[in-house]
Every structure is written in structure tokens, then in C-alpha cells.
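Here is a friendly briefing to read with the model open beside you. It starts with the pocket and then moves on through the fold, the sheet and a few single residues.

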Amino acid sequence: MTASATQTSPRKRAGNGAARRIDADEIGLDALVGHAGYAVRRFQIWIFQDFIKTLGEVDIRPTQYSVLTVIGANPGLSQMAVAKRLGIERARLVHLLDSLEQRKLVKRIKSKLDRRSHALHLTAQGETALAKFKRLAAEHERHVEEKIGKANREQLLQILAGFT
């Protein structure tokens, strides 16, 4: 199979009913071109792919990085507070924290005020790891700047600030 054949899986009907192969870039998007949600989602896909590639050596995903960063900046937060602040379902956060705890990056300490709650803290290993993750995340942000330009990146952050 040629390189161009591997990129041309979408099919479009020819006038005689036969499907013809076309490059993905040739497929018209119609109204999607004007939909902010579609453009944001496509950019998010690129962002996540680059983040995962850039932080691949440390095996940290965007949500894990977000959780570690918030815990590092706010030691002692409850799981519920972290979930609410980052917009993560509580059940998903519990699973994510389990994996970070197994990696010895996070520890849960029973709350002195509410025995049903746990205070979240980075371990010493977690603090060291987060410093490295932040350096790699800064590299990822440089990639974003290279992709869209410094002024556009700054403007994008201003526009999206209302959603964070």
C-alpha cells in the first residue's frame, strides 16, 4: 500500500455509484468551518497529542498533570474540591488518584475534621516529579506557540480564561 493510499480511507460516491478514494483534506466540512466548537475540538486533539508526545518519557497525561499541579499548589485539598475545580467526575478522579498513589506521587491523609474525607498531598517524590513535568509542559507550551504564534496564544488564553 502506498503512503497516499494510507491517508485516503474516506470515500465519496462517484456519479456512477462507485466509491472513489479522496484525501481527508479534500473532504468539505460545510457548516463545520464556522463552528467554534468544531475548531476548538480539533485544536484540543492536537494539543493533547503534542502534550502526550512531549511528556511521553514520564508517562503523564493532561488530566494527571492538572491534578498534580492543583494538589501541589494547594496541599490538603479534598478529593471533592479537586474534582470540582478541574471539572472531573469524582469516580474518575478516585481512579486517577489510585494510579498516582501507586506511583508514589500523591498521598491521601484522612481529614481530621471529616473522617469521610481525605486531604491530598504530593509526596516528596511527587514534588520532584512535578518539577520535571512542569519543565516538559513548558516545552509543550513552546510547541503551541510555534504552531499558532505568541500573540495568538496569549489571545487564546485570554478568551478561554472565562472557562477556567
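The largest pocket holds about 1,400 Å³ of space. Of the 31 residues that line this pocket, Ile47, Phe48, Leu157, Leu160 and Thr164 are the closest to its centre. Please keep in mind that this is a predicted model.

**The pocket lining**

- Five elements each give two or more residues to the lining of the largest pocket: α2 (36–54), α3 (62–73), α4 (79–86), α6 (124–148) and α7 (150–160).
- Which element provides the largest share of that lining? Helix α2 does, with eight residues.
- By residue class, the lining of the largest pocket divides into 18 nonpolar, eight polar and five charged residues.

**The overall fold**

- The protein has seven helices and five strands.
- Read from the N terminus, the elements follow the pattern α-β-β-α-α-β-α-α-β-β-α-α.
- Of the 164 residues in the protein, 26% count as buried.
- Take the contacts between residues at least 6 apart in sequence: 47% of these join residues at least 24 apart.

**The three-stranded sheet**

- Three strands form an open sheet in the order β3-β5-β4, and their pairing is antiparallel.
- The edge strands, each pairing on one side only, are β3 (77–78) and β4 (106–110).
- Helix α5 (residues 90–102) packs on this sheet, where it touches β4 and β5. The direction of α5 makes about 115 degrees with that of β4.
- How many bridges join β3 to β5 (residues 118–122)? There are two, in the antiparallel sense. Ser78 has Ala119 of β5 as its bridge partner.
- On the other side of the pairing list, β4 and β5 are joined by five bridges, also in the antiparallel sense. Here Arg108 has Leu120 of β5 as its bridge partner.

**Asp98 and Arg108**

- Asp98 is a residue of helix α5.
- Asp98 counts as partly exposed because its relative accessibility is 31%, which falls between the 20% and 50% cut-offs.
- Asp98 and Arg108 are ten residues apart along the chain, and their C-alpha atoms are separated by 9.6 Å.

**Around the loop between α5 and β4**

- Leu105 sits in the loop between α5 and β4.
- Is Leu105 buried or exposed? Leu105 has 4% relative accessibility, and it counts as buried because that is under 20%.
- Apart from neighbours within four places in sequence, Leu105 is in contact with Ile60, Leu68, Leu100, His121, Leu122, Thr123, Gln125, Gly126, Ala129 and Phe133.
- One of these partners, Ala129, is 24 residues from Leu105 in sequence, yet 7.5 Å from it in space, C-alpha to C-alpha.
- Lys104 lies in this loop as well, between α5 and β4. Lys104 is exposed because its relative accessible area of 54% is over 50%.

**Thr123, in the loop between β5 and α6**

- Thr123 has its place in the loop between β5 and α6.
- With 15% relative accessibility, Thr123 counts as buried because the value is under 20%.
- Which residues are in contact with Thr123, leaving aside its neighbours within four places in sequence? They are Lys104, Leu105, Val106 and Lys107.
- The contact with Leu105 ties this loop residue to the one described above.

**Backbone angles to look at**

- Most residues other than glycine have a negative phi.
- Asp59 is not a glycine, but its phi is positive, at about 55 degrees. Asp59 is found in the loop between α2 and α3.
- Lys104, also a residue other than glycine, has a positive phi near 65 degrees.

Notes:
Residues are numbered from 1 along each chain as its sequence is written. This is a predicted model: local features need pLDDT of at least 70, side-chain atom pairs count only at pLDDT 80 or more; totals for chains, interfaces and linings use all residues. Side-chain values use heavy atoms; hydrogens and water are left out. On a 1 Å grid over the protein atoms alone, a cavity is a set of points where a 1.4 Å probe fits but cannot get out, and a pocket is an open set with protein on both sides within 12 Å along at least five of seven lines; lining residues have an atom within 4 Å of a point. Grid points are joined across faces, edges and corners, and a volume is the space filled by probe spheres set on the points. Helices (H or I, at least four residues) and strands (E, at least two) are DSSP runs, numbered from the N terminus. Ala, Val, Leu, Ile, Met, Phe, Trp, Tyr, Cys and Pro count as nonpolar, Asp, Glu, Lys and Arg as charged, and the others, Gly among them, as polar. Two strands pair if DSSP finds at least two bridges between them. Contact means heavy atoms within 4.5 Å. Axes are lines fitted to C-alpha atoms, for helices over the stretch in contact, and angles run from 0 to 180 degrees between N-to-C directions. Buried means under 20% relative accessible area, exposed over 50%, partly exposed in between (1.4 Å probe, protein chains only).
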